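Trainee: I have a structure open and would like to go through it with you. Where should we start?

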Amino acid sequence: MNQNQTMLQGFEWDLAPDGHHWTRLSKEARHLSHLGFTSIWLPPAGKASNGSTDVGYAIYDPYDLGEFDQKGSIRTKYGTAKEYKEAVRKLRTLGIAPLADMVMNHRMGADASETVVCREVNTENRNEVSETAVSKELYTRFTYPGRKGKYSKATLDHTCFTGADYFDDTGYHLYLLDGKTYASDVDHEKGNFDYLMGLDLDVLNPDVKKELIRLGLFYIKKVGISGFRLDAVKHISAQFMREWIQALRGATDKELFTVGEYWSYNLDSLNWYIGETQGEIALFDVPLHQRFFDISRDNDGNYDMGAMFNNTLVACNEPLAVTFVDNHDTQPGQALQSFVEAWFKPIAYAVVLLRGRGLPCVFWADLYGHATGAFKPVRDLPLLLKVRKHLAYGDLYDYFDHDSIVGFTRGGIKEKRNSGLAFLCSNRGDGEKRMYVGNQWAGKTFLCLRGGFKSVKIDSEGCGIFHVSHRNYSLYAPLSLRSLFARFFS
Ligand code: CA
C-alpha cells in the first residue's frame with residue numbers, strides 16, 4: 001500500500017523576485033518529502049513579458065527557462081534554467097513529481113509589429129463582430145532574437161493568433177484577426193470566452209498545435225517534468241487540450257498526471273469540460289473552494305455545514321477532483337480574491353487532507369506564510385500533513401448530518417499501523433457526536449491529538465462519542481502518547 005498522494009502548489013503570487021526560488025525548492029525538497037508531498041505544481045518557468053519580475057503568466061517565450069538574454073535579463077523571477085532543472089531533478093529523486101504550469105492560451109511581449117487586418121469585437125459579447133475590416137499595426141511578431149532558434153526554430157506571426165486587444169485614446173478594444181474564428185468548445189461566458197488576454201493563440205492552426213506538442217515534449221524530455229497544471233483551460237478549445245495531452249502520453253508512454261484550471265463555480269461547466277476531454281484531465285474543485293470561502297465568511301455560523309459537499313466536483317467526480325483551499329489567484333490582492341478566513345483554514349485543510357476523497361493541493365503561502373507577512377502560515381498544516389501521511393487510511397464514514405457540527409472517521413488499514421482517525425468540526429457552538437470508526441476498534445482508545453478533550457473509549461459497536469468546541473475542530477486517533485510524540489513531534 002503506497003502512502004497517500006499529496007500535491008503542493010510550490011509558489012504564491014508575491015514571492016520576492018530574487019531569482020532564488022528554484023534553489024529554495026531544491027533546499028526544501030527533503031523537508032517536503034518528509035511532510036508527505038508526492039507532487040509539486042511549479043510556477044510557469046518560461047520567460048514572461050516583464051522579465052525577471054514576472055510571475056510567469058504573461059508568457060513571452062516558454063522555451064526560455066532563464067537561459068537567454070531576453071526581456072531584460074537571463075533569469076526569470078525564479079532563477080536560471082540550470083537551477084530549474086536541478087530543482088526538478090532533486091524533487092524527483094525524493095519521490096515528488098514535478099508538474100509544469102503550461103500557459104498555452106496566450107502570448108505577450110511580442111518583438112515586432114505587423115499590419116494586420118481585423119474586425120472589432122464587442123468585449124461583452126464576443127459573438128458580435130463588426131462587419132467592417134480595419135488595418136491595425138499590432139505587435140504580433142515573435143522572433144526570439146536572444147534564443148536564436150535553440151530548442152525550436154518556430155517563430156510566431158499574426159497567423160498564429162485569433163485575437164488581440166488594443167488600447168488607444170478611446171479605450172480598450174478587442175479585435176478578431178482576419179480569417180479567424182474563436183473556438184466553439186470553450187466557456188460561454190461573454191458569449192464566447194476563447195479570448196482572455198494578450199494575443200490569443202489559435203490552437204486550431206495545425207502549425208501552432210504541432211508547436212505546442214513540441215513544447216510539451218521539451219518540458220518532459222529536456223527538463224524532466226512528470227505532468228502538468230494547465231492554465232486557463234476554459235479559454236482553450238477542449239478538443240485541442242484533449243488531443244494535446246493524448247499526443248504527449250502517446251509519444252512518451254508516461255502517465256503524465258494533468259490538472260486543468262477551469263475557473264468556474266458551476267459544477268455543470270466542470271462536468272461539461274470533463275466530458276469534452278473524455279476524463280483525460282483532472283480539474284481543480286473550484287466550487288469546493290467557494291464553499292469553504294462562504295462558510296468562513298459567515299460569522300454567525302448560519303451556513304449549513306451539512307451541505308459542504310453539495311454541487312462540488314469531489315462529490316460527483318472524485319477521481320478527477322483536485323481539492324484545494326486557496327491558491328495564487330484567490331490570495332489577497334489578486335483577481336479572484338476569495339481567501340478563506342483564518343479560523344476556518346485548518347478545518348478546510350483537515351477536510352481535504354484527511355477525508356481521502358480527491359487529490360488535495362496545499363498552497364505554498366498556507367505552508368510557509370505570505371512573502372511580505374500579510375498572512376501567516378496555517379499553524380496546523382504540518383500536523384495535518386503528517387496525519388494524512390500516516391493515519392488517514394481505510395474506510396470513510398461521513399457524518400455531514402447536522403447544520404453546524406459535522407465530521408467523519410477513517411477505519412484505518414492493517415498495512416499502516418495504528419492508522420484510522422476521527423474528525424469533528426463546528427461553525428457554531430460546542431458539541432459532540434457519536435461516530436462509528438469500525439468494529440475492530442471496540443474496546444480501544446482514541447487519543448485527542450490537539451489536546452483539549454479526554455481520550456475516547458470505543459464501545460462494543462465500534463462507536464465513540466467525540467467532542468468539539470465552537471468554531472474549531474478536533475482530531476482523534478488510535479495512538480498512545482508515546483507513538484504520538486514519535487510520529488508527529490520528532
Ligand atoms: Ca483562447
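**Helix α4 and its surroundings**

Mentor: Start with helix α4, residues 238-252, which has 15 residues and reaches 21 Å from its first C-alpha to its last, close to the 21 Å expected at 1.5 Å a residue. Keep in mind that this is a predicted model.

Trainee: Which residues of α4 are buried?

Mentor: Ala-238, Phe-240, Met-241, Arg-242, Trp-244, Ile-245, Leu-248, Arg-249 and Thr-252.

Trainee: And what do the buried residues of α4 pack against?

Mentor: Their partners are β5, α3, β12 (227-230), β13 (257-260) and α5 (267-276).

Trainee: What follows α4?

Mentor: Asp-253, with a positive phi near 55°. Asp-253 sits in the loop between α4 and β13.

Trainee: Why bring up the sign of phi?

Mentor: Most residues other than glycine have a negative phi. Asp-253 is a residue other than glycine with a positive value.

Trainee: Is Asp-253 buried or exposed?

Mentor: Exposed, because its relative accessibility is 74% and the cut-off for exposed is over 50%.

Trainee: What about Asn-418, how does its phi look?

Mentor: Asn-418 has a positive phi too, about 60°, although it is not a glycine. Asn-418 is found in the loop between β18 (405-410) and β19 (421-426). With 24% relative accessibility, Asn-418 counts as partly exposed.

Trainee: Changing topic. Which residues touch the most other members of the largest nonpolar core?

Mentor: Tyr-84, Tyr-219, Phe-228 and Trp-244, out of 138 residues in that core. Helix α3 (residues 206-223) gives the most to this core, with nine residues.

Trainee: What does Tyr-219 touch, leaving out residues up to four places away in sequence?

Mentor: Tyr-219 touches Ala-45, Gly-46, Pro-62, Leu-65, Tyr-84, Ala-100, Met-102, Gly-224, Ile-225 and Phe-228.

Trainee: What is in the second, separate core?

Mentor: That core has 14 residues, including Ala-422, Leu-424, Trp-441 and Phe-466.

Trainee: Back to helix α3. How accessible is Lys-209?

Mentor: Lys-209 lies in helix α3 and counts as partly exposed, at 25% relative accessibility. Leaving out residues up to four places away in sequence, Lys-209 touches Val-203, Phe-240 and Glu-243.

Trainee: How far apart are Lys-209 and Thr-323?

Mentor: They are 114 residues apart in sequence, and their C-alpha atoms are 30 Å apart in space.

Trainee: Now the metal. Which protein atoms are donors of the calcium ion?

Mentor: Asn-105 gives OD1, Asp-194 gives O and OD, Asp-200 is listed with OD twice, and His-235 gives O. These donors lie 2.2 to 3.0 Å from the calcium ion.

Trainee: Why is the arrangement irregular?

Mentor: Because the six donor atoms subtend angles of 46 to 163° around the calcium ion. To count as octahedral, six donors need opposite ones over 155 degrees apart and all others between 65 and 115.

Trainee: What spacing do the donors follow along the chain?

Mentor: The spacing is N-x88-D-x5-D-x34-H. Asn-105 and Asp-200 link distant parts of the chain, being 95 residues apart. Asn-105 is in the loop between β5 (97-102) and β6 (106-107), while Asp-200 is in strand β11 (residues 199-201).

Trainee: Are Asn-105 and Asp-200 buried or exposed?

Mentor: Asn-105 is buried, at 1% relative accessibility. Asp-200 is buried as well, at 0%.

Trainee: How many disulfides does a search of the whole structure find?

Mentor: Zero.

Trainee: Why is there no bond between Cys-118 and Cys-160?

Mentor: Because their sulfurs are 16 Å apart, too far for a bond, and Cys-160 holds the closest cysteine sulfur to that of Cys-118. Cys-118 is buried, with 0% relative accessibility.

Trainee: And where is the nearest cysteine sulfur to Cys-361?

Mentor: In Cys-316, 19 Å away, and Cys-361 is in no disulfide. Cys-361 is buried, at 3% relative accessible area.

Trainee: Last one: where does Val-117 lie, and what does it touch?

Mentor: Val-117 lies in strand β7 (residues 112-122). Apart from residues up to four places away in sequence, Val-117 touches Ala-133, Val-134, Ser-135, Leu-177 and Asp-178. Val-117 counts as partly exposed, at 34% relative accessibility.

Note on methods. Residues numbered from 1 in each chain as written. Predicted model: local features only at pLDDT ≥ 70, side-chain atom pairs only at ≥ 80, totals over all residues. Heavy atoms only, no water. Disulfide = S-S within 2.5 Å. Buried < 20%, exposed > 50% of the residue type's maximum accessible area, 1.4 Å probe, protein only. Donors = N, O, S within 2.8 Å, 3.2 Å for Na, K, Ca; no water. Tetrahedral: all angles 85-135°; square planar, octahedral: opposite > 155°, others 65-115°. Helix = DSSP H or I, 4+ residues; strand = E, 2+ residues; numbered from the N terminus. Core = buried A, V, L, I, M, F, W, Y, C linked by side-chain atoms within 4.5 Å. Contact = heavy atoms within 4.5 Å. Expected span 1.5 Å × (residues − 1).
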